[in-house]
Structure formats: C-alpha cells, structure tokens
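User: I'd like to learn how to read a structure like this one, feature by feature. Could you walk me through it, giving the general idea and then the case at hand?

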Amino acid sequence: MKIHRLHLQHVKGVADAEIELPDSGVVVIEGPNEVGKSTFLEALDRLLDPKAKAHSKAAAIVALQPVGQDVGPFVEAELSIGPYRVIFSKRWLRQSATTLRVLEPLPEQHTGEAAQARMTAIVDECLDRPLFEALRFAQVGPTSQIRLADSAVLAQALDAAAGADLHTDRGTDLLHAVETEYTRYFTAVSGKPSGELRLAVSAFTQAQDAVAEAHRRLSEAEELVRSRDSLAGQVQAAQRELPALRQQQTRWAEEVAQGERLRARKQEAARAMAAARQRRERAEADLLAREGLSREVAQRAESALSREKQVEARAIEADEAVKDLRVATDALQSAKRSCATGQTDADAAAAKVAHMAATAEFAALTQRVQSAQALQARLDTARGALQAAVVSPMVIRQIEQAEHRVALALIAVEANATAVRVHSLQGAHQVSLDGASRSLGEDDGPLEFHVVRGTEFTLDGSVRIEVKPHADVQRRAEDCDAMCEDLQARLASIAAADVEQARALAEEHRCAQEEVTELERLFAAALAGNGDLSELCAQRD
C-alpha cells in the first residue's frame, strides 16, 4: 500500500492539516513533541479500521474529537492498494459520513455502509492485514507482542525460508528450533517480551526519552545562547553611548540648577504681582462707588424737575377735563332721548323678524314633510319589489353549485361513454336511432353519438344493432340525470327557466335591496331626528 495524501480536520490538536507524500524515496516527518506527528498515524488507523464506522461512538473515536469543541473529526486519504487507487474519507460524531471514490482501474463511487464494505474488500483482497499491522510501530502504542498467527504471507515466507516442503520428515526439529528461538525473545505462557527483546525495548524507550530530553535541553540552550548574544550586543552599545550620556547628564544638571533659580525669581514676581493686583482692585472698587453716587445725585435732580413739569401739565389737563365734562353731560341728555325713540323702532323690527322666521320655518317644514311623504311612498314600493324578488344570494349560489355539479357529471359521462361512429361505405341507407330517422350516404359525414344507456338503431329497416354501455357509465348517467332533475327543481322553485334567468332574478333582488337601503337612509335624513312622519307633520301644524 502506498499513501499519496492524508488530510485531517478537527482531529485532536490538529485543526486542519494535509500532507502529500512523494511516489518514491523515504519520508521522515520531524518536529517537536505534541505537534501531531503520531495523530496522523492514529487517524490513518481509525480510517482503515472496519470496526471504526462513521456512526460509531467508541472510546477510540471519541478520543479523536478536540477537547472542548463540539465538532466532527474528519480524515481523508488517497491511497494505492494493489491495482486500486482510491480516495477514502470518514467523518465521525457530527454529520457522520463515509465516502469512497475509486479512481483506478475502473471509476467507482460509494457512500455509507457500501463505501465501508467496498474499502474492506479492497484491503482484504490486496493486503495481509495482520502483517500490515505488525510492520507499523506507533510511539504511543503498546510494546506487547503482535499476533501474526493469521498472517498467511508470513507463514508462507517462514515455510519457504525453513525449507518445510523439503524437510517434512524433520518437522519436529524445525518446530523445536522455532520454539527455542521464540522463547529467546518471548515468554512461553503469556507471549510477553523477555530476555534480549525486553531489554532492547526498554533501552529503546529510554533512548527515546533521552533523545526527547536532549532535544528539549538543546532547544533551551540555543534560546539562551541567542538571548546572551543579544544582551551582549546591547551592553556594548550602551557602553559606547555612556560617555555622551554622562556629558548630557552634566548639561542637564546645570540646566536644572538654572531652572531652579528662575523658578524662585518667578515666585517672587508672582507674589509682587498679586499684591499690586489687590491694590488695583480696591482702587477700582472705590472709583465705581463714587461714580455710582454721582449718577444717583444726577438722577434725583432730573426726577424732581420732571415731577414739577408733570404737576403743571396735570393742572392744564384738569381744566380741559372740566370743560369736556360739561359738553358730555349735554350729549348724555340728548342720547337718552334718542335711545327711547330707537328702542321703540327696535321692538317693531324684532316683531317683524320673528314673523319672517316663523314663515320660513313653516315653508321648510312643509317641504320636508312633502319630501318625506314622497320617500315613504317610494320606500313602500321598493319593499314590495324586494318581497317579490325572492331570489337571494344563497339561493343563486346553491343553483350555481348544482349547475357546476351537472357540468362535471356530464364531462365524466362523456369521458367514459362509448363512442359510436357509423359510416356509409356504399349507397344511401336509412338509419333510425331511438325512433329518429335520418339518411346516411357516401358523401355524408359519419353518424356519431355517445352511448350512456342501452341504445338501439336500425339500418334500412332490416338490421337492428343494440349497444349497451358499461355498468359504471350507466350509473354515472343516472347520477347525472338526478343532478339535472335537482337543478330543474331548484329553478322551478323560483320560476326560472334556466340559470341565466335565475341570475337575472338574483340581480333584481340585489338592486331592490340596495334601493331599499338607500331610500331608508334618505327617509331617516328627511325626518332629521323626529320619530316618524306623523311627528314631523304635527311639528309643521
């Protein structure tokens, strides 16, 4: 078997990774511990294991799922097995699926259980599975003995190497030699490693641990060397910059001392400025107070002068008011006399207006009474017409439904009826169909009719032909006749000859109903809040 490509998604610590292997040469996968090297081999084992089906929830399958993630592990491999080149994939735990695509020698496509069964058949056909498992050694796997009793290839190879076919008479010696060699490396009872093999396995494990520890220490040492080189370069650079930094420190110390002296002078100047500001504020306050007193004195002088002028103006106004009072008294006496005369004229005009309003109200009431009487007469006529038109919407719907059922029944009868067509091949003939006669000649078209009941027709009075339809057709025809009778009975109940006339009667009923509704609205508007027409007439009288 040759592995061309292996793709993993959400398998333990591998989120998404793919490796492609060359067609020839030796491939070495190298990297630090716990980066996923063994995960690829374990994922390939689960993929090729016929017991690890996509819907399996075994512990070995659950162990493939990344810790703390609710995802489905996915493994896909492109392999060459004997004459076959396949792409085989599985997804476990979430949206489980199994797919197999055979590329060579003939294209095939399988999914689900069929894909697993086909892949198992290909592996069993082309590989010795026990020998294949024995040739692999996983770092995380156990170091116990691998069972090879079922390996036919290994058995044949051992027989050929031992010359079993040439020394069958010495088979016991050969088995003894094999058993001796076997017990050199494994215990006879449990088959566990012992002797040289156990020591070799232990030494190998210790060597692996030592290599891993050495690799870790080497990595730490390399990191420390790189850190030391970097720090040494930083120290040398700092030593080169140290004289310039010391000179700069001296200059900064002098500048700091000068700054302290300037800060002291600034504080003295600030205290002097604060004292001067306080003196200026007191002087400005005194000045504002004096200006306020001066403005107050000027305002009071102007107020006194203004009051003197007001007193003189009010004295003049009082004299003029006395004169105006005398004129107003005379005008008041004249107005009282005019008011008495105007009141008399107003009473007469009010009486005339009341008479005119009563006359207008009487005319309006008379017109309303006449309009209401005319509307009541029209309303009585419309109600009578509504009672005469007895076809309501429900009745016409029932008639239309009956018509629809008859139409469907006729279609069903015609679709299942026996079609009879009679042609005249030579000369003219007299044909009688259910008592109706007609002439049938060569130039005439064929006589066509559908048979839904027992029918007979005669030809030239010498041949009688009876045609009987199927019982189901005759039953459909009888049902159609019953539906037609029901439709005719419904039409007769409203005195209508056909459905169109029934629709016309229904339209008359609708128009009469609309007219009654409109007249009732107009009649209520004409009453204008009165209970009935008699109250309106009493109000007019």
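User: Let's start inside. Which residues have the most contacts inside the largest nonpolar core?

Analyst: The general idea: in soluble globular proteins, nonpolar side chains tend to be buried together. Keep in mind that this is a predicted model. Here the largest nonpolar core has 27 residues, and Leu6, Leu8, Val75, Leu79, Val86, Leu100 and Met119 have the most contacts inside it. Two or more residues each come from β1 (2-11), α1 (37-48), β3 (74-81), β4 (84-91), β5 (97-104) and α3 (112-126). The top contributor is α1, with five residues.

User: Which residues does Leu6 touch, if I skip those up to four places away in sequence?

Analyst: With those neighbours set aside, Leu6 touches Ala17, Glu18, Ile19, Phe40, Leu44, Val75, Glu76 and Ala77. Apart from this core there's another one, made of 12 residues, with Val406, Ile494, Val499 and Ala506 among them.

User: Back to α1 for a second. How many of its residues are buried?

Analyst: Nine of the 12 residues in α1 are buried, so the helix is mostly covered, taking buried as under 20% relative accessible area. The buried set is Thr39, Phe40, Glu42, Ala43, Leu44, Asp45, Arg46, Leu47 and Leu48.

User: And α3? Is Gln116 buried or exposed?

Analyst: Gln116, which sits in helix α3, counts as buried because its relative accessibility is 6%. Beyond the residues up to four places away in sequence, Gln116 touches Asp49, Pro50, Phe88, Lys90 and Thr98.

User: Now helices. How do I read the burial pattern along one?

Analyst: Start from the geometry: an α-helix has 3.6 residues a turn, so residues three or four places apart point the same way. Now take α8, residues 393-416: its buried residues are Ile396, Ile399, Ala402, Val406, Ala409 and Val413. With 24 residues, α8 reaches 35 Å from its first C-alpha to its last, close to the 34 Å expected at 1.5 Å a residue.

User: At what angle do α8 and α9 pack?

Analyst: Two packed helices are described by the angle between their axes and the distance between the axes. For α8 and α9 (residues 471-493), the angle is about 160 degrees and the axes are 9 Å apart. That angle is why α8 is called roughly antiparallel to α9. The crossing of α8 past α9 is left-handed.

User: Which residues of the two helices make that contact?

Analyst: On the α8 side you'll find Gln398, Ile399, Ala402, Glu403, Arg405, Val406, Ala409, Leu410, Ala412, Val413 and Asn416. On the α9 side it's Val473, Arg476, Ala477, Cys480, Met483, Cys484, Asp486, Leu487, Arg490 and Leu491.

User: What about backbone oddities? Which peptide bond is cis?

Analyst: Most residues other than glycine have a negative phi, and most peptide bonds are trans. In this model, a cis peptide bond joins Glu104 and Pro105, with omega about 0 degrees. Pro105 lies in the loop between β5 and β6 (108-111).

For phi, look at the loop between β4 and β5, where you'll find Leu93 and also Gln95. Leu93 has a positive phi of about 70 degrees without being a glycine, and Gln95, not a glycine either, has a positive phi of about 50 degrees. As for accessibility, Leu93 is buried, with a relative accessible area of 15%, whereas Gln95 counts as exposed at 72%.

User: Which residues is Glu196 in contact with, leaving aside neighbours within four places in sequence?

Analyst: Those partners are Arg184 and Tyr185. Glu196 itself lies in helix α7 (residues 195-388) and is partly exposed, with a relative accessible area of 41%. Glu196 and Arg184 are 12 residues apart along the chain, and their C-alpha atoms are separated by 7.3 Å.

User: Let's zoom out. How many helices and strands are there in the protein?

Analyst: The protein has 11 helices and 12 strands. Of its 541 residues, 21% are buried. Among contacts with a separation of 6 or more, 55% come from residues 24 or more positions apart.

Notes: Residues numbered from 1 in each chain as written. Predicted model: local features only at pLDDT ≥ 70, side-chain atom pairs only at ≥ 80, totals over all residues. Heavy atoms only, no water. Core = buried A, V, L, I, M, F, W, Y, C linked by side-chain atoms within 4.5 Å. Buried < 20%, exposed > 50% of the residue type's maximum accessible area, 1.4 Å probe, protein only. Helix = DSSP H or I, 4+ residues; strand = E, 2+ residues; numbered from the N terminus. Contact = heavy atoms within 4.5 Å. Expected span 1.5 Å × (residues − 1). Axes fitted to C-alpha atoms, helices over the stretch in contact; angles between N-to-C directions. Parallel < 35°, antiparallel > 145°, perpendicular 65-115°, else oblique. Left-handed = near helix turned anticlockwise from the far one by under 90°.
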